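Student: I am new to this structure and would like to learn how its descriptions are justified. Could we go through them one at a time, setting each value against its definition?

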Amino acid sequence: MRKRKGLPVSGWVVVDKPTGIGSTSVVGIIRKIFNAQKAGHAGTLDPAASGVLPVALGEATKTIPYVTDGDKIYSFSVKFGEATSTDDAEGTVIKTSDIIPTKEQIKKVIPEFIGKISQVPPKFSAIHVDGKRAYDLARNEVEIKLEPRIIEIKRLELLSGDNDTYNFEVECSKGTYVRSIARDLAEKLGSCGHVVALRRLKCANFLASNAFMLEKLKEMEHNALSNVLLSVETVLDDIPALPITQEQASLLSNGGFLPKPNGLMTKGTHKALFENRLVAIVEVGQDVRPVRVINIINIGDNDVDNS
């Protein structure tokens, strides 16, 4: 009987992360469920947040940047009249205000938050300051000053709300902090505020509506898990394909360069495919150079077992 040799599991699992657990803990659970050799996630979600958390297993970890660079969509709720130390409900109240904006007032200032804007991250964030995480310094009451960064808000909508709490949806670039949006929006309205609920609906091309609940994954039989695992190239749909031969695939797999194919005018990032199987992510310029070699297939006759 001819069969392919077993290879370590590689691919993407789209998890609907529940509140109350950190992203790293979710990765550890998924890694154990799939018995993966290595795992990572794209786009950290705070323990208090829920929603889509793409988890990469095996060789898929090499494609994580193609997810983290993608746009995100969040739904979130802001409570006006109270600012907290963390800009969310996990912190302690550090400021209050009697000014509670109306829907009309909120809608009036929203356009000022659309486009490329300058944003200061929350002090309780994972940003490095002098080699340490900002949240570690903040917990130890070390005074820090975080520099503003340019992010892009493509869409910000007020969905509903009453009294002092309003619900929003935002589509934004990587590096955007929703907690900072809430803080800055409240300040613009002469009030103060913080996020009381946060859910990620979209991360690159992964949607929460297609994600699997963590508890459901824990309960699945081993055979059913194969229907959950998405291919490594799932995140590369927008990258043009470059068909290659077996000889070229072997060369790329060993870090070698290829001459630029005749007639291929497009420069930039491509996915190199041998028999429609992903071999490498390459950069096409004067030649073809591997950026990421994907070791999920064996090239040539060695990919079968004659036992």
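Student: In what sense do strand S18 and strand S19 pair, and over how many bridges?

Tutor: In this predicted model, strand S18 (residues 268–274) and strand S19 (residues 277–284) pair in the antiparallel sense over seven bridges. Two strands count as paired if there are at least two bridges between them, and seven bridges therefore satisfy that condition. Within this pairing, Lys271 stands opposite Ile281 in S19.

Student: What makes S16 and S17 the edge strands of their sheet?

Tutor: The sheet is an open one of five strands, in the order S16-S18-S19-S20-S17 and with mixed pairing. Strand S16 (241–243) and strand S17 (258–259) are the edge strands because each of them pairs on one side only.

Student: How many aromatic pairs are there, and why is the one formed by Trp12 and Phe206 called tilted?

Tutor: The structure holds three aromatic pairs. One of them is formed by Trp12 and Phe206, whose rings are 5.6 Å apart, centre to centre, with 40 degrees between the planes. The centres lie within 6.5 Å, so the rings count as a pair, and an angle of 40 degrees is neither under 30 nor over 60, which means that the pair is tilted. This pair links distant parts of the chain, with Trp12 in strand S2 (residues 11–17) and Phe206 in strand S14 (residues 206–207), 194 residues apart.

Student: Are Trp12 and Phe206 buried or exposed, and how do you know?

Tutor: Trp12 has a relative accessibility of 0%, and Phe206 has one of 3%. The cut-off for buried is under 20%, so Trp12 counts as buried, and Phe206 counts as buried by that cut-off too.

Student: Why is the pair of Phe76 and Phe168 called stacked?

Tutor: For Phe76 and Phe168 the distance is 5.2 Å centre to centre, and there are 15 degrees between the planes. The distance is within 6.5 Å and the angle is under 30 degrees, so the two rings form a pair and the pair counts as stacked. The chain positions are distant here as well, since Phe76 is in strand S5 (residues 72–80) and Phe168 is in strand S12 (residues 165–172), 92 residues apart. Phe76 is buried, with a relative accessible area of 2%, and Phe168, at 1% relative accessibility, counts as buried.

Student: What makes the approach between the side chains of Ser77 and Asn167 a polar contact?

Tutor: The side chain of Ser77 makes a polar contact with the side chain of Asn167 at 2.6 Å, and the cut-off is within 3.5 Å, so the distance fits the term. Ser77 lies in strand S5, and although Ser77 and Asn167 are 90 residues apart in sequence, they are 4.4 Å apart in space, C-alpha to C-alpha. Beyond four places in sequence, Ser77 touches several residues, including Thr165, Tyr166, His194 and Val195. Ser77 is buried, because its relative accessible area of 13% is under 20%.

Student: Which side chain does the side chain of Asp16 contact, and why does that contact count as polar?

Tutor: The side chain of Asp16 makes a polar contact with the side chain of Arg199 at 2.7 Å, a distance within the 3.5 Å cut-off, so the term applies. Asp16 lies in strand S2 and counts as buried at 7% relative accessibility.

Student: What is unusual enough about Asn163 and Ala204 to be pointed out?

Tutor: Asn163 has a positive phi of about 55 degrees although it is not a glycine, and Ala204 likewise has a positive phi of about 55 degrees without being a glycine. Asn163 is in the loop between strand S11 (149–162) and S12, while Ala204 is in the loop between strand S13 (193–203) and S14. With a relative accessible area of 66%, which is over 50%, Asn163 is exposed, whereas Ala204, at 13%, counts as buried.

Student: How many disulfides does a search of the whole structure find?

Tutor: The search finds zero disulfides. Cys172 counts as buried at 0% relative accessibility, and Cys203 is buried with a relative accessible area of 0%.

Student: What is the average pLDDT, and where is the pLDDT below 50?

Tutor: The protein averages a pLDDT of 87, and 86% of the residues score at least 70. Over residues 1–6 the pLDDT is below 50, and it also stays under 50 over residues 298–307.

Conventions. Residues numbered from 1 in each chain as written. Predicted model: local features only at pLDDT ≥ 70, side-chain atom pairs only at ≥ 80, totals over all residues. Heavy atoms only, no water. Phe/Tyr/Trp six-rings, centres within 6.5 Å; stacked < 30°, edge-to-face > 60°. Helix = DSSP H or I, 4+ residues; strand = E, 2+ residues; numbered from the N terminus. Buried < 20%, exposed > 50% of the residue type's maximum accessible area, 1.4 Å probe, protein only. Disulfide = S-S within 2.5 Å. Contact = heavy atoms within 4.5 Å. Polar contact = N/O pair within 3.5 Å; in protein donor to acceptor, adjacent residues only side chain to side chain. pLDDT = per-residue confidence, 0-100.
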